[in-house]
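User: Please take a close look at how one pair of helices packs together in this model. Then follow the account outward, with cut-offs stated, to the enclosed space, the open pocket and the sheets.

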Amino acid sequence: MNTNTLKKEDAVATDLAAQQPLLAIRDLRKQFTRANGHLVTAVDDITLSIAPGEFIVLLGPSGCGKTTLLRCIGGLETASEGTITINGRAMFSAELGTDVPTRRRGISMVFQSYALWPNMTVFENIAFPLKSRRRGMSKSEIREAVEEITRVVGISDLHTQYPHHISGGQQQRVALARALVDGNALVLFDEPLSNVDAKVRRDLRIELAALQAKLGFAAVYVTHDQEDAMELADRIVVLEGGRIAQVGAPQEIYENPVSSYVAGFVGSSNSMSGTVREVTSTEVVLDSTMGLIKARPNPGLVAGQEVEVMFRPQHVRIHQERPSSTNAWPMLLRKIMHSGTHAEILLTHEHEIYQARADADFEAVLDSDVWVTVEQRHVFGFPKRAVPA
């Protein structure tokens with residue numbers, strides 16, 4: 001075999017490795033039986049692939065299945081059906097009876113509760129996975145690895161401290177350092193920022209994003225916090241009732257939600273009821289309590305269908321005089337809340353509350369009559385969701 005042939009085979013092997021997902025989940029289902037005998041499906045037919053170095057956020061409210069899915073990936077829960085592979089190796093297969101223990105899956109985890117050993121120093125907590133999983137490492141090698149990761153995370157001065165002597169934000173950095181010191185290609189995060197205040201949470205989000213970009217590990221991150229998802233994710237996986245409602249880049253999901261559930265959970269939305277009057281290739285015409293509304297195209301709607309009309313607060317424009325444009329509605333301006341970077345405005349129409357977002361210097365007379373407009377391209381019409389019995 002000549003040198004050129006070898007080079008071609010190496011190139012093909014490299015391309016295949018690049019195309020192979022780091023984590024592949026296929027047809028995964030997890031069911032529980034409650035004490036009353038009722039069968040609950042927490043994860044329902046999930047199929048998802050994650051590339052090396054990709055940051056995936058599992059987003060949804062409590063009970064949507066996001067934590068159960070994460071625990072199945074980590075081997076802390078045993079799925080009922082489907083397969084999970086990491087780096088091409090089967091970690092779980094219901095059909096084959098494969099269920100590799102957590103410690104042998106080549107992953108790291110960061111928990112909501114930090115899960116630090118209270119009787120160990122910061123150094124000892126971070127060194128623990130190296131001592132327990134890599135028995136061949138010398139003390140000097142372990143020290144070098146811990147010193148490097150604490151320098152990267154910014155806690156080099158805490159080596160001799162115990163967890164109860166440091167702040168919540170510092171404890172979270174210790175937990176993160178412990179997860180990263182092993183150098184694993186996949187890190188699982190279970191709502192890791194939920195126990196810190198807003199300022200620390202924001203700082204830790206920035207630090208985590210920078211660390212992930214620098215070190216290149218793939219992440220599966222569970223949260224119900226929209227800001228975590230929007231700022232950290234390469235792709236967001238929105239879960240509803242154990243199933244995937246939508247997958248996509250943060251801005252794609254924000255600007256093009258596929259349902260009222262997604263639109264309502266990813267970002268703030270105003271909502272009202274409506275009925276479809278006409279559907280064309282360029283618009284949907286709706287009847288509502290506001291009068292005639294023109295919405296962006298939605299070929300899934302039909303005339304006469306009950307819908308939920310939704311639009312984002314930042315797309316609402318406020319006018320003192322009645323504008324000549326379509327989608328113009330009278331409202332009462334109730335309150336202006338200044339947040340520094342912008343102003344949140346509360347408006348009412350027939351006792352229903354709506355929100356608008358304006359520049360920080362926005363001023364207007366409270367309890368005054370105003371007109372609001374929303375461009376057609378920013379108005380969604382979604383099939384009305386069935387109310388659970």
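Analyst: H4 and H6 are oblique to each other, the class left for angles that are neither under 35 degrees (roughly parallel), nor over 145 (roughly antiparallel), nor from 65 to 115 (roughly perpendicular). In this predicted model, local features need pLDDT of at least 70 and side-chain atom pairs pLDDT 80 or more, whereas totals for chains, interfaces and linings use all residues. Residues are numbered from 1 along each chain as its sequence is written, and side-chain values use heavy atoms, with hydrogens and water left out.

The angle between helix H4 (residues 139-153) and helix H6 (residues 198-215) is about 130 degrees, and their axes lie 10 Å apart. Axes are lines fitted to C-alpha atoms, for helices over the stretch in contact, and angles run from 0 to 180 degrees between N-to-C directions; helices (H or I, at least four residues) and strands (E, at least two) are DSSP runs numbered from the N terminus. On the H4 side the contact (heavy atoms within 4.5 Å) is made by Ile149, Arg151, Val152 and Val153, which meet Glu207, Leu211, Lys214 and Leu215 of H6. By class, these contact residues are five nonpolar (Ala, Val, Leu, Ile, Met, Phe, Trp, Tyr, Cys, Pro), three charged (Asp, Glu, Lys, Arg) and no polar, the polar class being the others, Gly among them.

H6 also takes part in the largest cavity, since H6 and helix H5 (168-180) each supply at least two residues of that lining. H5 gives the most, with three residues. A cavity is a set of points on a 1 Å grid over the protein atoms alone where a 1.4 Å probe fits but cannot get out, and lining residues have an atom within 4 Å of a point. One cavity of 30 Å³ or more is counted by this rule, and the largest holds about 80 Å³ of space, the volume filled by probe spheres set on points joined across faces, edges and corners. Its lining consists of Val110, Gln172, Arg173, Leu176, Phe189, Pro192, Leu193, Leu204 and Leu208, a set with seven nonpolar residues, one polar and one charged.

The second largest pocket, with about 300 Å³ of space, is an open set with protein on both sides within 12 Å along at least five of seven lines. Helix H7 (residues 226-232) contributes the largest share of its lining, four residues; the lining includes Gln226, Glu227, Met230 and Glu231, together with Tyr254 and Arg357. The lining of this pocket comprises three nonpolar, four polar and three charged residues.

Turning to the sheets, one is open, with five strands in the order S2-S1-S4-S5-S6 and antiparallel pairing, where two strands pair if DSSP finds at least two bridges between them. Strand S2 (39-50) and strand S6 (98-99) are its edges, each with a single partner strand, so one side of each has no neighbour in the sheet. Within it, strand S1 (residues 23-33) and strand S4 (residues 81-86) run antiparallel and are joined by five bridges, one pairing being Leu23 with Ile86 in S4. Helix H2 (residues 66-74) lies across S1, S2 and S4, at about 115 degrees to S1.

Another open sheet, also antiparallel, has five strands in the order S16-S20-S17-S18-S19, with strand S16 (317-319) and strand S19 (352-359) as edges that pair on one side only. Its neighbouring strands are turned by 45 degrees against each other on average, direction ignored. Strand S18 (residues 342-349) runs antiparallel to S19 and is joined to S19 by eight bridges, with Ile345 opposite Ala356 in S19.
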